[in-house]
Amino acid sequence: MAATTSSLSLLFAHPHSRHSSTPHRFGRSHLRLPLLHARCASNGASASTTATKHRRPAEENIREEAARLRGPATTFSAWYEPFPPASDGDPNERYSLDDVVYRSTSGGLLDVRHDMDALARFPGSYWRDLFDSRVGRTTWPYGSGVWSKKEFVLPEIDSDHIVSLFEGNSNLFWAERLGRDHLGGMNDLWVKQCGISHTGSFKDLGMTALVSQVNRLRRAPLSRPINGVGCASTGDTSAALSAYCAAAGIPAIVFLPADRISLQQLIQPIANGATVLSLDTDFDGCMRLIREVTAELPIYLANSLNSLRLEGQKTAAIEILQQFNWQVPDWVIIPGGNLGNIYAFYKGFEMCRVLGLVDRVPRLVCAQAANANPLYRYYKSGWTDFQSLVAETTFASAIQIGDPVSIDRAVVALKATDGIVQEATEEELMDATALADLTGMFACPHTGVALAALFKLRDQGIIGTNDRTVVVSTAHGLKFTQSKIDYHDKNIKDMLCQYANPPISVKPDFGSVMDVLQKKLNGKI
């Protein structure tokens, strides 16, 4: 939004439930799942013996070890169904996950559905213990925050087909100072830092699921003629797709809107070897083109129109429950652009509720940039009048989307959780980002949108002082450093930048330095 050279730019330049769930008891079942038991040594000698005894052969990698130790196959399954079910459609319409299909016969979206009866043969306590036993391990593929919940994601995929970079397991950051000093004494405010994943955004969670399924389709015995995987992107999707395809040796093709993403986002697919097409249009234009291309060529569509990604993304919700020792937060605030993620979080929470891992779901808030806010306008109309729009430029570029694919999914999630939609202006989101940074974070602008929504909901008295609240941070702040440089240099048109903290130019002598420090520290030295 501002391109002029500044002192700050030059400085950065390089020189040369509260838990109350009581799971139901179930009878014995013929289904068997491997439960990984933690082994703890009581002394150094036994620890050494245990480590030596159970270490895999030196010539064997973790994928080969998993194949050798593979237990009996489970009888869990999942498939595609129309979303939402059409009242006049075929009630038996469903597709295998091995089918290359993105829409129902009526032209609507598809959703991945699981055999919940089979999963429910195990009590919620079983699933909690199983998932907890896998956290932090290097056992393939369970070291991943996604694949540690494999039975809830893609239960039928062979572990050898999984493409994982051990994504997920992201930090749940206690925003102590932000809540205490700037949000009226909130003592239970948390930020789920999905942006510390491998490529710097939450998109890794969905991409591991999608690329793993493509890997399964391309390999024997299915051997489908899929020549590559393609996506339209505002930056983070292309980075995730390119990294996972590179790990699997699958060609990636990405369509990016020219001059609308950060250089840090642009370099990621380039570095990972993707074919990058820069198009003189916005994201919605890129999306239309990639859909046309994938309809004509054997290229698998990776956008959230494909519901496989949501199966991976929903594990962030399950992970939040784990990190609270299976207690349910009161509120979860999620930035929204194409709107698949808020539905993914709802799916994760609701699946855990239905299967008895927890007894309720949190209220969801979708936060949109005011410059790209079709869901907010729909919500304010009482869900009576949805209008797509041409999104205006926003610092939260990854959610600069005016015609979201998952609008219907988002509405289902919000209605089911008594949810709220809020918006943030450019100044509000940048101020919220800067204020969060001043309390120890390094937030991306999209997280700033969610934080700005939180400030508004606190001011309105909707979110209470003692409500356990989670703000979902979707990307790493290092991907959006230019916006921070412009803000702290006060180089953004029509923006006060009230929390700016520019560097101070000082003469290189002791007296000058002391004068500045005395002034800065209010004479306390």
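What follows is a short chat about why the labels on this structure are used.

Reader: Before we start, what kind of model is this?

Author: It's a predicted model, where local features need pLDDT of at least 70 and side-chain atom pairs count only at pLDDT 80 or more, while totals for chains, interfaces and linings use all residues. Residues are numbered from 1 along each chain as its sequence is written, and side-chain values use heavy atoms, with hydrogens and water left out.

Reader: What makes something a helix or a strand here, and how many are there?

Author: They're DSSP runs: H or I of at least four residues for a helix, E of at least two for a strand, numbered from the N terminus. The protein comes to 20 helices and 13 strands.

Reader: Why is Q368 called buried?

Author: Buried means under 20% relative accessible area (exposed is over 50%, partly exposed in between; 1.4 Å probe, protein chains only). Q368 has 0% relative accessibility, so it counts as buried. This residue lies in strand β11, residues 363-369.

Reader: What makes the links from the Q368 side chain to G336 and Y376 polar contacts?

Author: A polar contact is a pair of N or O atoms within 3.5 Å; within protein, one must be able to donate a hydrogen and the other to accept it, and residues adjacent in sequence count only if both atoms are side-chain atoms. The Q368 side chain reaches the backbone oxygen of G336 at 3.3 Å and the backbone nitrogen of Y376 at 3.0 Å. Both distances are within 3.5 Å, so the label fits.

Reader: S397 isn't at 0%, so why is it called buried?

Author: Its relative accessibility is 9%, which is under 20%, so S397 counts as buried. S397 lies in the loop between α15 (374-380) and α16 (407-416). Leaving aside neighbours within four places in sequence, S397 is in contact (heavy atoms within 4.5 Å) with T234, R260, Q265, H446 and F480.

Reader: How do you know that both faces of β6 are covered?

Author: In a regular strand the side chains alternate between the two faces of the sheet. In β6, G228, G230 and A232 are on one side, V229 and C231 are on the other, and all are buried. That's 5 of the 5 residues of β6 (228-232).

Reader: What makes β6 a partner of β9 and β7?

Author: Two strands pair if DSSP finds at least two bridges between them. There are 3 bridges from β6 to β9 (residues 299-301) and 4 from β6 to β7 (residues 252-257), so both clear that bar. Both pairings are parallel. V229 has Y300 as its bridge partner in β9, and A232 has F255 in β7. From β6 the chain crosses through helix α9 (residues 236-248) to β7, a right-handed β-α-β crossover (with the strands pointing away from the viewer, the path from the first strand over the helix to the second runs clockwise).

Reader: Why is the β2-β1-β3 sheet called open, and which strands are its edges?

Author: β2 (95-96) and β3 (109-114) each have a single partner strand, so one side of each is left without a neighbour in the sheet. The pairing in this sheet of 3 strands is antiparallel. With 2 bridges, β1 (residues 78-83) and β2 just count as paired, and W79 stands opposite S96 in β2.

Reader: What makes a set of residues a nonpolar core?

Author: The members are buried Ala, Val, Leu, Ile, Met, Phe, Trp, Tyr and Cys residues joined through side-chain atoms within 4.5 Å. The largest one has 106 residues, and W127, L241, Y300 and L375 touch the most other members. Helix α14 (residues 340-354) gives the most to this core, with 8 residues. A second, separate core of 37 residues includes L189, L429, I492 and C497.

Reader: How do you know that α5 is mostly covered?

Author: Of its 11 residues (124-134), 8 are buried, among them W127, L130 and F131. The cover includes α4 (116-119), α6 (150-153) and α13 (315-323).

Reader: And what makes L308 buried?

Author: Its relative accessible area is 0%, so L308 sits under the 20% cut-off. L308 lies in helix α12 (residues 308-313) and touches, among others, Y80, V112 and Y300. L308 and Y102 are 206 residues apart in sequence, yet 9.7 Å apart in space, C-alpha to C-alpha.
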